[in-house]
Amino acid sequence: MTATKAFAAQSPTSGMAPHDITRRSLRKDDVAIEIDYCGVCHTDIHFAENDWGVTQYPVVPGHEIVGRVTAVGPGVKNYREGDIVGVGCMVDSCRTCSACEAGLEQYCSEGMTGTYNGEDRYDHSITFGGYSERVVVSERFVVRVPDKLDIQKAAPLLCAGITTYSPLRHYGVKAGHKVGVIGMGGLGHMGVKFAKALGAEVTIFTRSESKVAEAKKQGADHVVISTDEDQMAEVAETFDFMLDTVPVQHDLNPYLNCLTYDGTHIIVGLLEPIEPALEAGALVFKRRVLAGSLIGGMPETQEVLDFCAEHDISCDVEMLDIHNINDAYERMKKGDVKYRFVIDMATLKNS
């Protein structure tokens with residue numbers, strides 16, 4: 001067991017503060033990682049504040065982890081000391097169900113083990129995430145960070161990146177397709193970059209006129225102000241795909257009407273009951289599909305890192321001192337970050 005500095009929430013209202021944890025001794029297939037950078041996801045806030053009613057305290061968030069291998073278990077085959085590696089949203093699964101055997105561990109029939117607030121399948125301890133000095137993870141759930149990637153900007157690819165990449169690949173987005181991206185945050189700006197790299201014509205849907213120039217800067221071919229009825233009418237029955245990255249309640253019906261027949265609306269941000277109700281006719285009369293997607297399996301998580309290295313894609317980040325994490329959470333709630341905070345873990349190690 002290794003004593004480890006971390007930041008944790010102790011209750012829904014405590015905020016994040018220093019907290020000591022222990023990391024397990026190496027199992028046969030484990031990789032020990034000294035964490036250099038950890039991205040900050042909006043999911044971290046939901047767990048810290050128990051918005052979903054499932055948090056087990058103390059909770060150490062963080063599932064966008066990049067660092068260096070410091071030790072490996074005797075059965076590890078793919079990594080060695082000094083390798084730059086990443087850990088995303090999950091650290092285990094049953095490994096034997098059809099989903100796991102297909103490399104889709106995120107859909108494990110027994111449920112994946114989250115990087116934090118999950119239950120370890122062997123010792124039943126609660127997992128702690130990347131707001132910490134180090135982590136120990138089975139090599140199956142570790143990915144290699146290509147040398148070409150800036151490791152500060154690579155961390156969010158392990159959640160924001162794979163969350164938007166996976167559905168675009170699964171549904172076959174390619175040159176000639178028209179893709180609408182709903183929302184212009186951490187997920188949305190990555191969705192634009194991936195859809196463009198896959199050859200699609202990309203339109204950002206945003207509620208804010210102030211984001212038009214920024215959307216174009218990120219590579220969007222067009223921008224639609226979703227609160228403007230005339231603009232929405234102009235793009236009715238236009239898109240092959242809508243990638244919906246908005247994490248809060250919003251009316252899906254106007255966006256469904258932007259799809260052509262056989263079009264697909266993919267939800268990656270919202271995890272709550274949909275409100276207001278859907279107009280089923282908008283699906284039935286145009287054979288449209290309403291779909292959802294959750295991160296990606298381990299092969300695809302490696303694929304997205306390699307894809308980003310090949311196409312020179314990275315997440316736009318703002319570096320963060322971990323001691324300012326509570327202020328960062330408040331800024332995230334207001335949408336005041338372009339587009340992902342990344343914690344420099346040296347600010348924890350040297351404190």
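In this predicted model, the largest cavity is lined by Gly88, Cys89, Met90, Leu158, Ile162, Ile295, Gly296, Met298 and Thr301. The space inside this largest cavity comes to about 50 Å³, and a search of the whole structure turns up one cavity of 30 Å³ or more. Sorted by class, the lining of the largest cavity holds six nonpolar and three polar residues, with no charged residue.

Two of the lining residues, Met298 and Thr301, lead directly to helix α10, which covers residues 298-311. Both Met298 and Thr301 are buried, and the other buried residues of α10 are Glu300, Gln302, Val304, Leu305, Phe307, Cys308 and Ala309. Readers following along in the structure can trace the partners of these buried residues: they pack against strands β6 (90-92) and β9 (143-144) and against helices α4 (160-170) and α5 (186-197). The length of α10 can be checked with simple arithmetic. With a rise of 1.5 Å a residue, its 14 residues should span 20 Å, and because the C-alpha atoms at its two ends lie 20 Å apart, the expected and modelled values agree. Just after α10 comes aspartate 312, which has a positive phi, near 55 degrees.

Strand β10 offers another view of the interior. This strand runs over residues 178-182, and four of its five residues are buried, so β10 is largely enclosed by the rest of the structure. Its pairing partner is strand β11 (residues 201-206); the two strands run in the parallel sense and are joined over five bridges. Within this pairing, lysine 178 stands opposite glutamate 201 of β11.

Attention now turns from the cavity to the pockets. The second largest pocket contains about 400 Å³ of space. Its lining is made up of 24 residues, and those closest to the centre of the pocket are Arg24, Asp120, Ser125, Thr127 and Val136. Three elements each give two or more residues to this lining, namely β2 (16-23), β6 and β8 (134-138). Of the contributing elements, β8 gives the most, with four residues. By class, the lining of the second largest pocket comprises 10 charged, eight nonpolar and six polar residues, whereas the lining of the largest cavity has no charged residues. Strand β6 thus appears in two parts of this description: it is packed against by buried residues of α10, and it also gives residues to the lining of the second largest pocket.

Note on methods: Residues are numbered from 1 along each chain as its sequence is written. This is a predicted model: local features need pLDDT of at least 70, side-chain atom pairs count only at pLDDT 80 or more; totals for chains, interfaces and linings use all residues. Side-chain values use heavy atoms; hydrogens and water are left out. On a 1 Å grid over the protein atoms alone, a cavity is a set of points where a 1.4 Å probe fits but cannot get out, and a pocket is an open set with protein on both sides within 12 Å along at least five of seven lines; lining residues have an atom within 4 Å of a point. Grid points are joined across faces, edges and corners, and a volume is the space filled by probe spheres set on the points. Ala, Val, Leu, Ile, Met, Phe, Trp, Tyr, Cys and Pro count as nonpolar, Asp, Glu, Lys and Arg as charged, and the others, Gly among them, as polar. The expected span of a helix is 1.5 Å times one less than its number of residues. Buried means under 20% relative accessible area, exposed over 50%, partly exposed in between (1.4 Å probe, protein chains only). Contact means heavy atoms within 4.5 Å. Two strands pair if DSSP finds at least two bridges between them.
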